[in-house]
Amino acid sequence: MLPDITTRADVELLVNTFYGKVREDQLIGPLFSEVARVNWDLHLPKMYDFWENILFGTGGYRGRPMPPHFRLTQQHPLRPHHFDRWLVLFYETVDELFEGEKAAEVKVRALNIASMMEFRVEQLNNMNEAAQ
């Protein structure tokens with residue numbers, strides 16, 4: 001039996017393992033490394049705070065996740081298959097490491113976040129394509 005997500009250390013394990021997979025992924029890895037040129041030393045602590053706040057309401061995350069995704073899609077349009085792949089890797093990581101109430105919750109939250117981001121980014125993509 002796997003443990004549930006109960007501490008910040010668990011969140012950090014989830015985030016580190018997940019983004020390790022993202023970096024190696026042939027579809028979305030280049031979006032992070034070549035297009036967004038993510039500084040992992042800055043990005044990972046933000047993601048720890050983000051997911052810890054989502055799961056435990058810590059209030060530690062201070063940011064706006066949509067603007068960076070809007071900037072990214074201006075450089076390289078993000079499409080549904082990018083969000084689908086992100087979600088597959090996220091679910092896979094959660095299922096490898098955890099089970100329980102918070103593990104199930106984080107997957108539902110990830111689906112909701114990915115769906116909203118995909119919807120908002122697609123609106124921007126459609127506006128950009130219409131303007132061309």
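A residue counts as buried when its relative accessible area is under 20%. Glu 105 has a value of 19%, so Glu 105 is buried. This charged residue sits in helix 6, which spans residues 101-131. Leaving aside neighbours within four places in sequence, Glu 105 is in contact with Ile 54 and Leu 55.

The model is a predicted one. Its average pLDDT is 94, and 100% of the residues score at least 70. Confidence is highest in helix 1, at 98. It is lowest in helix 4, residues 66-75, where the mean is 87.

Start with helix 1. Two packed helices are described by the angle between their axes and the distance between the axes. Helix 1 covers residues 8-24 and packs on helix 3, residues 40-56, with the axes 9 Å apart. The angle is about 130 degrees. Angles from 115 to 145 degrees fall in the oblique class, and helix 1 and helix 3 are therefore oblique to each other. Their crossing is right-handed. On the helix 1 side, the contact is made by Arg 8, Val 11, Glu 12, Val 15, Asn 16, Tyr 19 and Arg 23. Helix 3 contributes residues including Trp 40, His 43, Leu 44, Pro 45, Met 47, Tyr 48 and Trp 51. Leu 55, a contact of Glu 105, also belongs to the helix 3 side. By class, this contact has eleven nonpolar, two polar and five charged residues.

Val 15 gives a closer view of that contact. Val 15 lies in helix 1. With a relative accessible area of 2%, Val 15 is buried, because the cut-off is 20%. Not counting residues up to four places away in sequence, Val 15 touches Leu 44, Met 47, Tyr 48 and Trp 51. These four are listed on the helix 3 side of the contact. Val 15 and Tyr 91 are 76 residues apart in sequence, and their C-alpha atoms are 12 Å apart in space.

Helix 1 also packs against helix 5, residues 80-97. The axes come within 9 Å and cross at roughly 135 degrees. That angle makes helix 1 oblique to helix 5. This crossing, too, is right-handed. From helix 1, the contact takes in Leu 13, Leu 14, Thr 17, Phe 18, Tyr 19, Lys 21 and Val 22. From helix 5, Trp 86, Leu 89, Phe 90, Glu 92, Thr 93, Val 94, Glu 96 and Leu 97 take part. By class, there are ten nonpolar, two polar and three charged residues. Tyr 19 appears in the contact with helix 3 and again in the contact with helix 5.

Terms used: Residues are numbered from 1 along each chain as its sequence is written. This is a predicted model: local features need pLDDT of at least 70, side-chain atom pairs count only at pLDDT 80 or more; totals for chains, interfaces and linings use all residues. Side-chain values use heavy atoms; hydrogens and water are left out. Axes are lines fitted to C-alpha atoms, for helices over the stretch in contact, and angles run from 0 to 180 degrees between N-to-C directions. Helices (H or I, at least four residues) and strands (E, at least two) are DSSP runs, numbered from the N terminus. Angles under 35 degrees count as roughly parallel, over 145 as roughly antiparallel, 65 to 115 as roughly perpendicular and the rest as oblique. A crossing is left-handed if the near helix is turned anticlockwise from the far one by less than a right angle, and right-handed if clockwise. Contact means heavy atoms within 4.5 Å. pLDDT is the predictor's confidence in each residue, from 0 to 100. Buried means under 20% relative accessible area, exposed over 50%, partly exposed in between (1.4 Å probe, protein chains only).
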